[in-house]
Structures are given as C-alpha cells and as structure tokens.
Amino acid sequence: MLRQIAVALTAATLSLSGWVVAGSGVGTSPAPFPATTPTPTPTVACPPALPITGLVTSATDTSLTISYSMLLTPPCGYHPPITVTLFASRADAEQWRDPVAEAQSGPERSGKMTVDGLSADTTYWFRFAAAERRDPYVGGPARTLPTSTCEASAVIGSSWNGGFVATITVRNVAAGTLDGWRVSWRWPGDERIQSLWGAVAEPGADVVAVRNAPYNGTLEPSGSTTFGMLVTSGATPDRIALTCGP
C-alpha cells in the first residue's frame with residue numbers, strides 16, 4: 001500500500017514539473033512576431049493637363065506679348081515666377097537650343113509678359129520654365145509686325161444725332177518714299193461709312209480697311225495726305241484706333 005502511494009506521488013510530481021516548465025517557457029523558443037509589411041509611399045497621379053498654357057496676345061515690330069496661365073501647383077505644376085524664352089525655330093525650342101530672348105513674370109499665376117528687342121517681321125517659338133524646371137509646352141509660331149512705314153490719326157469734326165464726319169491724316173514715317181498705304185480699324189459700335197473721299201474702301205465685315213486713291217499713294221519721308229468720310233452711327237465714338245501700313 002505504501003509503495004502504491006509513493007508511485008502515485010512520484011507521477012504527480014513529474015506531471016506538475018512538466019506543466020511548470022511548459023508554462024514558464026524555460027528551455028523553449030518564443031513564438032516569432034508576424035512580419036510587418038512597409039506601407040508604400042503614395043504616388044501622386046498628375047492629371048493629363050498642361051501645367052502652363054500660353055498665347056501671343058499682341059505684337060509690335062520689336063516685341064511679342066504672351067499671356068500665360070499656371071494651371072497646377074507642385075508636384076504636378078509650378079509656382080511663379082516663370083520665365084518665357086523665345087527661339088528662332090521650333091527645332092531650337094524643342095531642344096532648348098540657342099535662345100533668342102526671354103522675360104520673367106511677376107508673382108501672379110496668370111498674367112502677361114512682353115519680350116522686347118526682337119527683329120521685325122520675324123517668326124518665333126516660345127517655351128516656359130519655373131524654378132529651373134522646363135515645361136514641355138512649345139508655343140508658336142508667333143510673328144512680329146513689319147517695320148512701321150506710316151501713321152494714321154483721325155479727327156472727328158461735325159457730328160449730329162445719327163452720324164458724323166471724320167478726317168484721317170496719313171503720314172510717312174519711313175526713311176524712304178512710301179509707295180502706297182492702307183489704313184484699317186474696327187468700329188466700336190454700329191458705325192457705317194456712308195461716303196468716302198480721298199481713299200478707296202476694301203470689302204470686309206469685321207475690319208474696315210481703305211487704301212490710297214490713285215493720286216495720293218506716294219508720300220515722301222515725313223510727307224502726309226488726308227482722306228475723309230461721312231459715317232452714320234447711333235452714337236459718335238470718342239476716338240477711332242487706326243493701323244497704317246503699306
């Protein structure tokens with residue numbers, strides 16, 4: 001009987017000892033933590049739009065004025081100021097080779113830049129850059145005006161409810177003799193030429209244009225001539241903006 005009790009106690013002790021070892025983890029390797037997958041950095045998806053757009057809005061014989069609009073901010077776009085650079089050919093512009101002239105914008109995201117010092121009657125292409133980053137857009141062709149050969153000014157004389165009379169003076173401002181001239185303008189309202197003398201009207205809708213008469217087309221340097229017109233109108237304009245050329 002005592003022997004049976006001793007055997008039972010020994011078995012219980014061994015069972016308890018095994019339970020303590022297993023519970024305490026002594027002599028065993030800890031379970032590994034699950035591997036952590038790094039969170040990828042999000043990629044910015046830039047929309048298929050031009051960060052900068054540009055358009056030539058006016059020209060003289062020595063300058064081009066380019067309007068611009070910055071559509072996006074970094075990382076897809078730019079912050080002002082931006083620089084517009086002119087090139088003599090599209091191939092030069094695409095390769096950013098042999099720039100001709102440039103101008104820089106102000107702090108506005110939309111505005112205009114005027115590039116001066118250009119050659120008359122010449123074609124140019126342009127590119128934009130900001131913070132040393134070159135925009136892919138290539139603008140052009142844009143052409144400067146020919147060198148001015150004449151000037152025209154209008155004086156509105158008598159006027160009444162329904163019309164007025166205007167006298168236009170054409171002056172040669174070139175160094176040589178002017179052999180023929182053309183004056184053009186846009187009416188600000190509903191004006192219409194009723195009669196014209198000293199010039200010959202050209203057909204047209206939006207732009208009014210007249211050329212010299214057969215007897216007053218040749219003007220020496222600093223020489224001038226005039227032509228007149230009777231105009232019907234609902235209101236007399238304050239001025240007529242004229243353009244003169246050969």
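## Salt bridges, cores and a four-stranded sheet

R143 counts as partly exposed, because its relative accessibility is 44%. This value, like the others in this report, belongs to a predicted model. R143 forms a salt bridge with D121, in which the closest N and O atoms are 2.9 Å apart. The pair links distant parts of the chain, since R143 lies in strand β7 (residues 133–143) while D121 sits in the loop between β5 (110–115) and β6 (123–130), 22 residues apart. D121 is partly exposed as well, with a relative accessible area of 38%.

**Salt bridges**

The count of salt bridges comes to 5, and three of the pairs are set out here with the distance between their closest N and O atoms.

| Pair | Closest N and O atoms |
|---|---|
| R97 and D92 | 2.6 Å |
| R143 and D121 | 2.9 Å |
| R182 and E202 | 3.0 Å |

In the pair formed by R97 and D92, the arginine R97 is partly exposed at 34% relative accessibility, whereas D92, at 11%, falls under the 20% limit and therefore counts as buried.

R182 forms a salt bridge with E202, and because R182 lies in strand β11 (residues 182–185) and E202 in strand β13 (residues 199–202), the pair ties together parts of the chain that are 20 residues apart in sequence. R182 has a relative accessibility of 27% and counts as partly exposed, and E202, at 26%, is likewise partly exposed. Salt bridges that share partners join R182 and E202 with R211 into one network.

**The sheet that contains β11 and β13**

Strands β11 and β13 both belong to an open sheet of 4 strands, which are arranged in the order β13-β14-β11-β17 with antiparallel pairing. The edge strands are β13 and β17 (243–245), each of which pairs on one side only. From one strand to the next, the twist averages 25°. Between β11 and β17, which run antiparallel, there are 3 bridges, and V183 stands opposite C244 in β17.

**Nonpolar cores**

The largest nonpolar core has 20 residues, and the members that touch the most others are V170, W181, V183 and W185. At least two residues of this core come from each of β9 (163–172), β11, β14 (208–212) and β16 (224–232), and β9 gives the most, with 4 residues. V183 thus appears both among these core members and as the residue opposite C244 in the sheet.

When neighbours within four places in sequence are left aside, W185 is in contact with I193, D206, V207, V208, V210, M229, I240, A241 and L242. Apart from the largest core lies another core of 19 residues, among them I52, A103, L118 and A142.

**The chain as a whole**

The chain holds 2 helices and 17 strands. Of its 246 residues, 32% are buried. Among contacts between residues at least 6 apart in sequence, 64% join residues at least 24 apart. The chain exposes about 15,300 Å², and carbon and sulfur atoms supply 57% of that area.

Technical notes
Residues are numbered from 1 along each chain as its sequence is written. This is a predicted model: local features need pLDDT of at least 70, side-chain atom pairs count only at pLDDT 80 or more; totals for chains, interfaces and linings use all residues. Side-chain values use heavy atoms; hydrogens and water are left out. A salt bridge is a side-chain nitrogen of Lys or Arg within 4 Å of a carboxyl oxygen of Asp or Glu. Buried means under 20% relative accessible area, exposed over 50%, partly exposed in between (1.4 Å probe, protein chains only). A nonpolar core is a set of buried Ala, Val, Leu, Ile, Met, Phe, Trp, Tyr and Cys residues joined through side-chain atoms within 4.5 Å. Contact means heavy atoms within 4.5 Å. Accessible areas come from the Shrake-Rupley method with a 1.4 Å probe; for residues, only the protein chains shown count as cover. Two strands pair if DSSP finds at least two bridges between them. Axes are lines fitted to C-alpha atoms, for helices over the stretch in contact, and angles run from 0 to 180 degrees between N-to-C directions.
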